[in-house]
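Okay, thanks for squeezing me in, everyone. Let me put the chain up on the screen, and then we'll walk through it a piece at a time.

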Amino acid sequence: MNLKNKHRIMITFARELSPWVKLELEQLGYKVLEERKSGVEIEGNIEDAMLLNLKLRCAYCVMMLLSEFDCDDESKFYKEVRKIWWERIIPPEEYLSVNSRADDKVVNNTMFVNQLAKDAIVDRIKTKTGRRPDSGPEKGGVVVNIYWYNGKCYVYLNTTGRKLSDRGYRKIPYKAPVQESLAAAVLYASGYDGSQELILPMCGSGTFAIEAALIAQGRAPGLLRSNYSFMHFNKFDSELWQQMRKEERKNAEKKNKPNIKASDIDPEAVKAAEKNAKTAGADQLIDFSVCDFAKKTPESDGAIILMNPEYGMRMGEKSKLESVYKRIGDYLKQSCPGCTGCIFTGNLELAKKIGLRTSRRIVFYNADVECRLLKYELFSGSMHEREKAKLNAGQEEK
């Protein structure tokens with residue numbers, strides 16, 4: 001079992017993030033071989049896995065396929081898992097975590113599959129080395145993922161461990177924060193590439209602002225983390241990993257400061273956002289302020305205005321937010337001509353109060369809430385030109 005050889009690599013992600021993960025992979029020069037509901041497959045070795053962990057913004061985990069086999073009983077499952085040369089991958093002094101998903105007529109208890117797989121792995125290592133690694137639920141060491149569906153088993157070596165979306169900078173989450181990987185995907189979907197002026201008038205705890213700063217600087221999000229599962233494998237190439245990190249830091253230093261303005265009417269939100277940005281090393285890249293969203297007007301045509309208003313999920317909140325959504329529409333129409341307005345919301349009924357025609361409606365999920373990124377091309381010019389542009393946009397949407 002040599003991880004320097006080519007293996008199938010599965011990159012997992014949250015629901016509806018496939019287009020943005022595929023975009024990232026293509027930009028890095030990888031070809032997607034197969035696409036699934038919550039993952040895409042490429043081919044690569046451990047060095048590719050390390051690079052992907054360092055650079056991917058929208059993904060969850062990078063997993064190398066070690067074995068796949070037909071399985072119709074527990075005894076065969078144990079034998080097949082034990083066949084893998086675990087002693088060449090996992091040092092006996094390391095900590096092991098096994099995570100499984102099962103949906104099969106033979107077994108559908110994931111806790112049982114976890115235990116059976118863990119026993120097969122540690123029994124093999126003890127037989128070969130005389131020692132058993134400790135094991136448990138924590139993902140701070142070596143992580144193995146098992147999938148058992150309809151008579152077929154897949155055994156993956158999870159090179160990531162804790163999800164890539166857990167960047168580690170969000171020390172003060174504040175109210176209902178958006179996951180980092182989702183924020184990065186929404187920014188990509190808005191058209192942001194770091195060259196435009198970006199206005200975030202409802203910045204909350206700063207996730208969108210920080211992810212935008214990382215994108216604009218070309219700064220690998222993996223630089224923010226100090227621990228990955230691959231660092232606990234046998235023969236981990238620490239020198240290569242440090243060289244990768246050094247090159248990524250050097251690339252980021254060459255970039256100019258982006259034009260990112262983040263504000264919120266709540267001083268506590270801005271305070272949390274500033275602290276999180278400082279933890280991420282992005283505080284000097286973002287202009288923070290406390291003010292009502294209508295006070296933030298773009299300085300240039302082509303600016304992107306991205307807003308993430310409350311969804312009004314609790315009883316009585318919806319009616320209170322109707323006026324907020326209407327004000328958002330007025331603000332975009334009156335203060336942002338020549339720009340792109342983007343509203344990320346999980347309440348399409350409230351979104352109707354914005355009163356503008358969308359140019360695109362892109363589906364996302366914020367946890368279990370189905371959301372939309374609503375894009376508005378805010379045309380400047382005469383009334384005739386604006387009406388003509390609106391008509392064209394409506395025809396494209398159809």
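Let's start with one residue: Asn-114 counts as buried, at 16% relative accessibility, where buried means under 20% relative accessible area, exposed means over 50%, and partly exposed is in between, with a 1.4 Å probe and protein chains only. Before I go on, a word on what you're looking at: this is a predicted model, where local features need pLDDT of at least 70 and side-chain atom pairs count only at pLDDT 80 or more, while totals for chains, interfaces and linings use all residues. Residues are numbered from 1 along each chain as its sequence is written, and side-chain values use heavy atoms, with hydrogens and water left out.

Back to Asn-114. You'll find Asn-114 in helix 4, residues 110–129; helices here are DSSP runs of H or I with at least four residues, strands are runs of E with at least two, and both are numbered from the N terminus. What does Asn-114 contact, leaving aside its neighbours within four places in sequence? The answer is Val-98, Asn-99 and Ser-100, with contact meaning heavy atoms within 4.5 Å.

Further along, Val-122 also lies in helix 4. Val-122 is buried too, at 1% relative accessibility. Again setting aside neighbours within four places in sequence, Val-122 is in contact with Leu-96, Arg-132 and Pro-133. Val-122 and Pro-92 sit 30 residues apart in sequence, with 8.4 Å between their C-alpha atoms.

Okay, zooming out. The chain has 11 helices and 15 strands. Its radius of gyration is 24 Å, close to the 21 Å that the globule rule gives for 398 residues, so the chain is as compact as a globular protein of that length. That radius is taken over C-alpha atoms, and the rule is 2.2 Å times the number of residues to the power 0.38. Along the principal axes, the C-alpha atoms fill a box of roughly 80 × 45 × 40 Å.

How much of the chain is buried? Buried residues are 52% of the 398. Among contacts with a separation of 6 or more, 77% come from residues 24 or more positions apart. The exposed area is about 19,000 Å², with carbon and sulfur atoms supplying 45% of it; that's the Shrake-Rupley method with a 1.4 Å probe, and for residues only the protein chains shown count as cover.

Now a buried helix. Helix 2, residues 46–55, is mostly covered, with seven of its 10 residues buried. Those are Ile-46, Asp-48, Ala-49, Met-50, Leu-52, Asn-53 and Leu-54. What covers them includes strand 1 (7–12), helix 1 (18–27), strand 3 (39–44), strand 4 and helix 7 (238–253).

Strand 4 brings us to Met-64, which is found in that strand, residues 61–70. Met-64 is buried, with a relative accessible area of 0%. Not counting residues up to four places away in sequence, the residues Met-64 touches include Ile-46 and Ala-49, along with Leu-3, His-7, Val-155 and Tyr-156. Met-64 and Ile-42 are 22 residues apart in sequence, and 9.7 Å apart from C-alpha to C-alpha.

On to the cysteines, since somebody always asks. How many disulfides does a search of the whole structure find? Zero, with a disulfide being a pair of cysteine sulfur atoms within 2.5 Å. Take Cys-61: its sulfur is 14 Å from the closest cysteine sulfur, in Cys-58, which is too far for a bond. For Cys-203, the closest cysteine sulfur is in Cys-291, at 9.2 Å, again too far for a bond. Cys-61 is buried at 9% relative accessibility, and Cys-203 is buried with a relative accessible area of 9%.

Last stop, the backbone. Most residues other than glycine have a negative phi. Glu-16 is not a glycine, yet has a positive phi of about 75 degrees. Glu-16 sits in the loop between strand 1 and helix 1, and is partly exposed at 36% relative accessible area. Ala-367, also not a glycine, has a positive phi of about 60 degrees. Ala-367 is in the loop between strand 14 (360–366) and strand 15 (369–378), and is exposed, with a relative accessible area of 68%.

That's my tour, so over to you.
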